[in-house]
Amino acid sequence: MTSANKQNNYNSFLESAISSEGQIIPTKGVLDWIKEQNKKVAVNIQRTSFSKLKGWYADDRRIFHETGKFFSIDGIRVITNWSKIKQWDQPIINQPEVGYLGFIVKEINGVLHFLLQAKIEPGNVNYVQLSPTLQATRSNYSQVHRGKVPLYLDYFKNASEAQILLDQLQSEQGARFLKKRNRNIIIKVEDEIPLFDNFIWVTLGQIKNLMQNDNIVNMDTRTVISGIQFGNNHLELSSYCKSLSKHKAALLKSAITCDEAYNSIDRIITFLTKLKSENDLEVEKIPLNNLNEWTYIDKEIAHNEGKYFKVIAVDVEIGNREIVKWSQPMIEPAQEGLCVFVCKEIDGILHFAVQAKLECGNLDIVELAPTVQCLTGNYRQTKEGALPFLDYVLNVEKDQIVYDTLQSEEGGRFYREQNRNMIVISGNEIPDELPEKYIWMTLNQLYTFLKFNNYLNIQARSLIASISFV
């Protein structure tokens, strides 16, 4: 792709991002449309036991599908020198397949629109959420389940290089999945394509506006749009920035400015390289019935102190899926989590306090994570001062909060898990010098690292996706 084509793509994405209302349907109309989609589909989710899961086997070692495909629940023992806790056991989702998370985009009246799907996952808090055009594991789209072929699959399988605007391998939740990745892809079409009943065209700005609502835009949509870049130094935006609030103008400037950063790209790479070279992550598979501090019975796998999460079994019936009835294990959280980016202007450019975080399922030891990420423990019961920035964000002034919603984890594997997502803009109360394993990055630098595999974790990507310039 030529530099001119790249810049045209950046401009198209940016124009879509600042288009708060689409050419097809207003944003309020999308919310009404979602309600109608919910009414159309019968959903029945019932808890069951592992021994009654249709098509699954549960023995002392693991829980797995009869085909050997989809995913399994395995036991692991983790050994690391990363923190005070040197060793622990846990169940984990083992899903080595690389799936598709993909958008078809098209210019409508000169503005790029994204084709979204109203999709119901068994773990969704409110059933219907807005998902990518294509959201499918390899087992799904290769029809291991003997169901229908996912809609629009051929557009992605046959896409030319010129059609592909974004193409990345990105990780899933590192504390719950073992080295899981998906292909995040955006393709552009010129011709008319069929529009099915539960699909809708919206702008990128509309998606970001919809993310201001709790549990409307699913995790898979958020991870794909987080990788969209807007280029550098758009001089023509200076007049547009004057119409924005102070915080939104600062976010846009941080997104499109590649110079004047507190830390260079090379310094950030050295920061990560040093941590990866000095810290070990050893993961050994062990039988589920040998997990220390966990109890494995027919209805669930649970921590002895009720912490972290459970593995449960469910029977599912959803009317509009490729296959309408199935059974599966799922992960149920012990509590709501908290994910926060704390930002600060340094030398006139907004920077994000980013932490390097080790999670047991990471492919390469550590990934860049939000300033605060509390998913496995109850942040409301965390001892004061135990986690950097936690006390600060829980007591921050309301006018410093630019984003604050509940967002769901991926409903195909996680049962009604939602986490509070926040972006906070601080002042001089946060010093330039950060704690160990934290580093300042501009939004433009975060976008740069998103071009490559396995640098930013899915919680960081979810927050970046929420950043709106309208």
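**Buried positions and helix packing in the predicted model**

Gln400 lies in the loop that links helix H10 (390-394) to strand S22 (401-408). The model described here is a predicted one. With a relative accessibility of 16%, Gln400 falls below the 20% limit and is therefore classed as buried. Apart from neighbours within four places in sequence, the residues in contact with Gln400 are Tyr392, Ile423, Val424, Ile425, Ser426, Gly427 and Glu429.

A second buried position is Leu134, which belongs to strand S9 (residues 134-136). Its relative accessibility is 2%, so Leu134 counts as buried. Leu134 and Pro150 are 16 residues apart along the chain, and their C-alpha atoms are separated by 7.2 Å. Pro150 is also one of the contacts of Leu134 when neighbours within four places in sequence are left aside. The others in that set are Tyr100, Leu101, Gly102, Leu151, Leu153 and Phe156.

The largest nonpolar core comprises 82 residues, and Phe114, Ile186 and Phe230 have the most contacts inside it. Helix H8 gives the most to this core, contributing 6 residues. For Ile186, contacts were listed without residues up to four places away in sequence. They include Phe114, together with Phe13, Phe103 and Val105. Ile186 further touches Gln163, Ile164, Leu165 and Leu166, as well as Val224 and Ile228.

Helix H8 (residues 246-256) also packs with helix H11 (residues 443-450); their axes come within 5 Å and cross at roughly 45°. This angle makes H8 oblique to H11. The crossing of H8 with H11 is right-handed. On the H8 side the contact is made by Leu251, Ser254, Ala255 and Ile256, and on the H11 side by Leu443, Asn444 and Tyr447. Sorted by class, the residues of this contact are 5 nonpolar and 2 polar, with no charged residues.

Helix H12 (residues 458-466) has 9 of its 9 residues buried and is therefore largely enclosed by the rest of the structure. The buried residues of H12 include Ile458, Ala460, Leu463, Ile464 and Ala465. Gln459, Arg461, Ser462 and Ser466 of H12 are buried as well.

Notes:
Residues numbered from 1 in each chain as written. Predicted model: local features only at pLDDT ≥ 70, side-chain atom pairs only at ≥ 80, totals over all residues. Heavy atoms only, no water. Axes fitted to C-alpha atoms, helices over the stretch in contact; angles between N-to-C directions. Helix = DSSP H or I, 4+ residues; strand = E, 2+ residues; numbered from the N terminus. Parallel < 35°, antiparallel > 145°, perpendicular 65-115°, else oblique. Left-handed = near helix turned anticlockwise from the far one by under 90°. Contact = heavy atoms within 4.5 Å. Nonpolar A, V, L, I, M, F, W, Y, C, P; charged D, E, K, R; others polar. Core = buried A, V, L, I, M, F, W, Y, C linked by side-chain atoms within 4.5 Å. Buried < 20%, exposed > 50% of the residue type's maximum accessible area, 1.4 Å probe, protein only.
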